[in-house]
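Me: I would like to go through this model step by step. Please keep the replies short and end each one on the value or name I ask for.

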Amino acid sequence: MEEKPAGTANILHQNAIYEDLCEEYSPEVANALTSKNLQRQGVNVPPEGCGHWHTINKAAADQKLDLEQERAIAENQAKEVADGMLQIAASSQPVSSASVQPVQEEEIDSYFDDEDGDAVDEDSENDELPSLADMYGYENDEDNEEAALDDVLKAQEQG
């Protein structure tokens, strides 16, 4: 019995068979047969989806698909957006003295951040730019990065 290819080799093998079916019969027949075979394996893909699969595989085989490059571009754009947001946050103007209200006693107590009563060093806190966690509020760094990337992709769609 002949051993069937697996992994990447199987993708290339199936793509070649798909192309043969397109040439010998038609793309519609190739799509229908691909869809039917996938359904037999419990993978429900409509025939029109099979044509997209082939288009993507063909683009990859022709070196027209570079997801590493696309990811790097998106991550770079997300970093640029995040850096821009941090710069805006850092350059925010302080409140004018005319708008300052008298401080209540409870607020004075909250000025001290630890148990031995050391005052919070506001200057050092203000020098630090907020992190992605500060901006997006997720506990997981990957979630914050993903939220920043989503913002970049949304901005790209609008721009």
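**A patch on helix H2**

Reply: Start with Leu 33, which lies in helix H2, residues 27–40. Bear in mind that the model is predicted.

Me: Is Leu 33 buried, partly exposed or exposed?
Reply: Buried needs under 20% relative accessible area, and exposed needs over 50%. Leu 33 has a relative accessible area of 46%. Leu 33 is therefore partly exposed.

Me: Which residues make the nonpolar surface patch with Leu 33?
Reply: A patch residue must have over 30% relative accessible area. Leu 33, at 46%, passes that cut-off. The patch covers about 290 Å², and the other residues in it are Tyr 25 and Val 29.

Me: Thr 34 also has its place in helix H2. Is Thr 34 buried or exposed?
Reply: The cut-off for buried is under 20% relative accessible area. Thr 34 has 17%, so Thr 34 counts as buried.

Me: Which residues is Thr 34 in contact with, leaving aside neighbours within four places in sequence?
Reply: Contact here means heavy atoms within 4.5 Å. Sequence neighbours within four places are set aside. That leaves Tyr 18 and Cys 50.

**Helix H3 and the loop after it**

Me: Where does Pro 47 lie, and how far is Pro 47 from Asn 31 in space, C-alpha to C-alpha?
Reply: Pro 47 lies in helix H3, residues 47–61. Pro 47 and Asn 31 are 16 residues apart in sequence. Asn 31 is among the contacts of Pro 47, together with Ala 32 and Ser 35. The C-alpha distance between Pro 47 and Asn 31 is 4.7 Å.

Me: Is Pro 47 buried, partly exposed or exposed?
Reply: Partly exposed is the class between under 20% and over 50%. Pro 47 has 32% relative accessibility, so Pro 47 is partly exposed.

Me: What is phi of Gln 63 near?
Reply: Gln 63 lies in the loop between H3 and H4. At 74% relative accessibility, Gln 63 is exposed. Phi is positive, in a residue other than glycine, and is near 60°.

**Salt bridges**

Me: How many salt bridges does the count come to?
Reply: One joins Asp 62 to Lys 58. Another joins Glu 75 to Arg 71. Lys 79 also forms one, with Asp 83. The count comes to three.

Me: What is the N to O distance between Asp 62 and Lys 58?
Reply: Asp 62 is partly exposed at 38%. Lys 58 is partly exposed at 35%. Their side chains meet, N to O, at 3.1 Å.

Me: What is the N to O distance between Glu 75 and Arg 71?
Reply: Both residues lie in helix H4, residues 67–90, four residues apart, or about one turn of the helix. Residues three or four places apart point the same way, because an α-helix has 3.6 residues a turn. Glu 75 is partly exposed at 41%, and Arg 71 is exposed at 57%. The N to O distance is 2.8 Å.

Me: Which residue forms a salt bridge with Lys 79?
Reply: The partner sits four residues from Lys 79 in helix H4, so about one helical turn separates the two. The closest N and O atoms are 2.8 Å apart. The partner is partly exposed, with a relative accessible area of 31%. That residue is Asp 83.

**Helix H4**

Me: How far does H4 reach from its first C-alpha to its last?
Reply: H4 has 24 residues. At 1.5 Å a residue, the expected span is 34 Å. H4 is close to that, reaching 34 Å.

Me: Which helices do the buried residues of H4 pack against?
Reply: The buried residues are Ala 74, Ala 78, Ala 82 and Leu 86. They pack against helix H7 (132–136) and helix H8 (141–158).

Me: Which residue caps the N-terminal end of H4?
Reply: Look for a side-chain oxygen by the backbone nitrogen of Glu 68. The two atoms lie 3.4 Å apart. The polar-contact cut-off is within 3.5 Å. The capping residue is Asp 66.

**The whole protein**

Me: How many helices are there in the protein?
Reply: There are zero strands. Along the sequence the pattern reads α-α-α-α-α-α-α-α. The number of helices is eight.

Me: What share of the 159 residues is buried?
Reply: The protein exposes about 13,100 Å², with carbon and sulfur atoms supplying 49%. Buried residues, those under 20% relative accessible area, make up 13%.

Key:
Residues numbered from 1 in each chain as written. Predicted model: local features only at pLDDT ≥ 70, side-chain atom pairs only at ≥ 80, totals over all residues. Heavy atoms only, no water. Buried < 20%, exposed > 50% of the residue type's maximum accessible area, 1.4 Å probe, protein only. Areas by Shrake-Rupley, 256 points an atom, 1.4 Å probe, with all protein chains shown as cover. Patch = residues over 30% accessible without salt bridge, like charges linked within 9 Å, V, L, I, M, F, W, Y side chains within 5 Å. Salt bridge = Lys/Arg side-chain N within 4 Å of Asp/Glu carboxyl O. Expected span 1.5 Å × (residues − 1). Polar contact = N/O pair within 3.5 Å; in protein donor to acceptor, adjacent residues only side chain to side chain.
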